[in-house]
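This report describes a single protein chain on the basis of its coordinates. The account begins with one pair of charged residues and then widens to the rest of the chain.

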Amino acid sequence: MTWDQMWALMGPATQETFQMVGVSAVVTVLLGLPLGVLLVLTDKGGLLANRAVNKAIGFVVNIARSVPFIILMIALISFTRWLVGTSIGWQAATVPLTIGAIPFFARLVETSVREVDRGLIEAVQSMGGSTWTIVRKTLLREALPGIVASVTTTVITLISYSAMAGTVGGGGLGTLAVNYGYQRFETAFMWVIVAELVILVTAVQLIGDFAVQRLAHRGRTGGRTRLLGRTPTTPDKDPVAS
């Protein structure tokens, strides 16, 4: 296979990978973020403490996380076909990708939110802050660097899962690797695909790390002060020192 033939195949496959990972990542964040926060709120000592609800959500999340992705794809074939009208292609692959990533991301969010200083939460409560205000202006804002890091980890996981989806006709770079690298013994082509996946993962990690560093720096320069509705003040000049 010539290089021209490789590039002609890799262009559409790369676009499909971006599409399935992008759609899955957006839906995962939209559903996994509130789920992770709810796990914290309903836990013992939480703002909405409810043992039954917390155990039920935790049980479902743990079950979903324990199923290997390749088995999850096969188990969801009928549901995927009912939902999107087909069981092959990148559109179909987004269904198991999303279902597999939501509980994973929710647990990462839960860990990040739990690290928020309890004293800060109590301070906002003492000023009459509602549960929604505490979640929006305290928990999410303080946990934002950790949440962004969780999004980065989840996107990287989705990229690896998307390649795995190629084994069942999920489209994208994974399908190329199976159809040409494995079935047609185009070893060089397979290594080109591997190199592209490594580049994609590295790029996502670098962007995520940069975003986390910027957010963490912003948090160290007055984020908590703004959170309580105050503005930083410059200490009065020491008259003795003058």
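Arg107 and Glu110 are separated by about one helical turn, because they stand three residues apart in helix 5. The model in which this pair is seen is a predicted one. The side chains of Arg107 and Glu110 meet in a salt bridge, with an N to O distance of 2.7 Å. Both partners are classed as buried: Arg107 has a relative accessibility of 17%, and Glu110 has a relative accessible area of 10%. Since the limit for a buried residue is under 20%, the value of 17% places Arg107 in that class.

**Salt bridges**

The pair in helix 5 belongs to a wider set, as a search of the whole structure finds four salt bridges. One of them joins the side chains of Asp43 and Arg114, at 2.7 Å from N to O. Asp43 lies in the loop between helix 1 and helix 2, whereas Arg114 lies in helix 5 (residues 90–114), so this pair ties together parts that are 71 residues apart in sequence. Asp43 counts as partly exposed at 23% relative accessibility, and Arg114 is likewise partly exposed at 40%.

How are Asp43, Arg107, Glu110 and Arg114 linked? These four residues are linked in a network of salt bridges. Within that network, Arg107 is buried and Glu110 is buried, while Asp43 is partly exposed and Arg114 is partly exposed.

A further salt bridge is formed by Arg118 with Glu122, where the closest N and O atoms are 3.8 Å apart. Both residues lie in helix 6, four residues apart, which corresponds to about one turn of the helix. Arg118 counts as partly exposed at 38% relative accessibility, and Glu122 is partly exposed with a relative accessible area of 43%.

The pairs described above are listed here with their N to O distances.

| Pair | Distance, N to O |
|---|---|
| Asp43 and Arg114 | 2.7 Å |
| Arg107 and Glu110 | 2.7 Å |
| Arg118 and Glu122 | 3.8 Å |

**Overall architecture**

The protein has 10 helices and zero strands. From the N terminus on, its elements accordingly read α-α-α-α-α-α-α-α-α-α. Of its 242 residues, 37% count as buried. Among contacts with a separation of 6 or more, 74% are between residues 24 or more positions apart. The protein exposes about 13700 Å², of which carbon and sulfur atoms supply 64%.

**Two buried positions**

Thr28 is found in helix 1, which covers residues 3–41. With a relative accessible area of 0%, Thr28 is buried. Which residues is Thr28 in contact with, leaving aside its neighbours within four places in sequence? The contacts are Leu33, Thr98, Ala101, Ile102, Phe105 and Thr154.

Ile121 has its place in helix 6 (residues 118–126), the helix that also holds Arg118 and Glu122. Ile121 counts as buried at 7% relative accessibility, whereas Arg118 and Glu122 are partly exposed. Not counting residues up to four places away in sequence, Ile121 touches Leu47, Val116, Ile134, Thr138 and Leu139. For one of these partners, Ile134, the C-alpha to C-alpha distance from Ile121 is 6.8 Å, and the two are 13 residues apart in sequence.

**Surface patches**

A nonpolar surface patch of about 810 Å² is made by Phe59, Val60, Ile63, Val67, Ile70, Ile71, Ile74, Ile77, Met164 and Val168. The elements that give two or more residues to this patch are helix 2 (51–66) and helix 3 (69–75). One of its members, Val60, lies in helix 2. Is Val60 buried or exposed? At 54% relative accessibility, Val60 counts as exposed; the class requires a value over 50%.

A positive surface patch is formed by Arg136, Lys137, Arg141 and Arg218. Helix 7 (residues 131–142) gives the most to the positive patch, with three residues. Lys137 lies in helix 7 and is partly exposed, with a relative accessible area of 34%.

Key
Residues numbered from 1 in each chain as written. Predicted model: local features only at pLDDT ≥ 70, side-chain atom pairs only at ≥ 80, totals over all residues. Heavy atoms only, no water. Buried < 20%, exposed > 50% of the residue type's maximum accessible area, 1.4 Å probe, protein only. Contact = heavy atoms within 4.5 Å. Areas by Shrake-Rupley, 256 points an atom, 1.4 Å probe, with all protein chains shown as cover. Patch = residues over 30% accessible without salt bridge, like charges linked within 9 Å, V, L, I, M, F, W, Y side chains within 5 Å. Lys, Arg positive; Asp, Glu negative; His and termini not counted. Charge placed at Lys NZ, Arg CZ, Asp CG, Glu CD.
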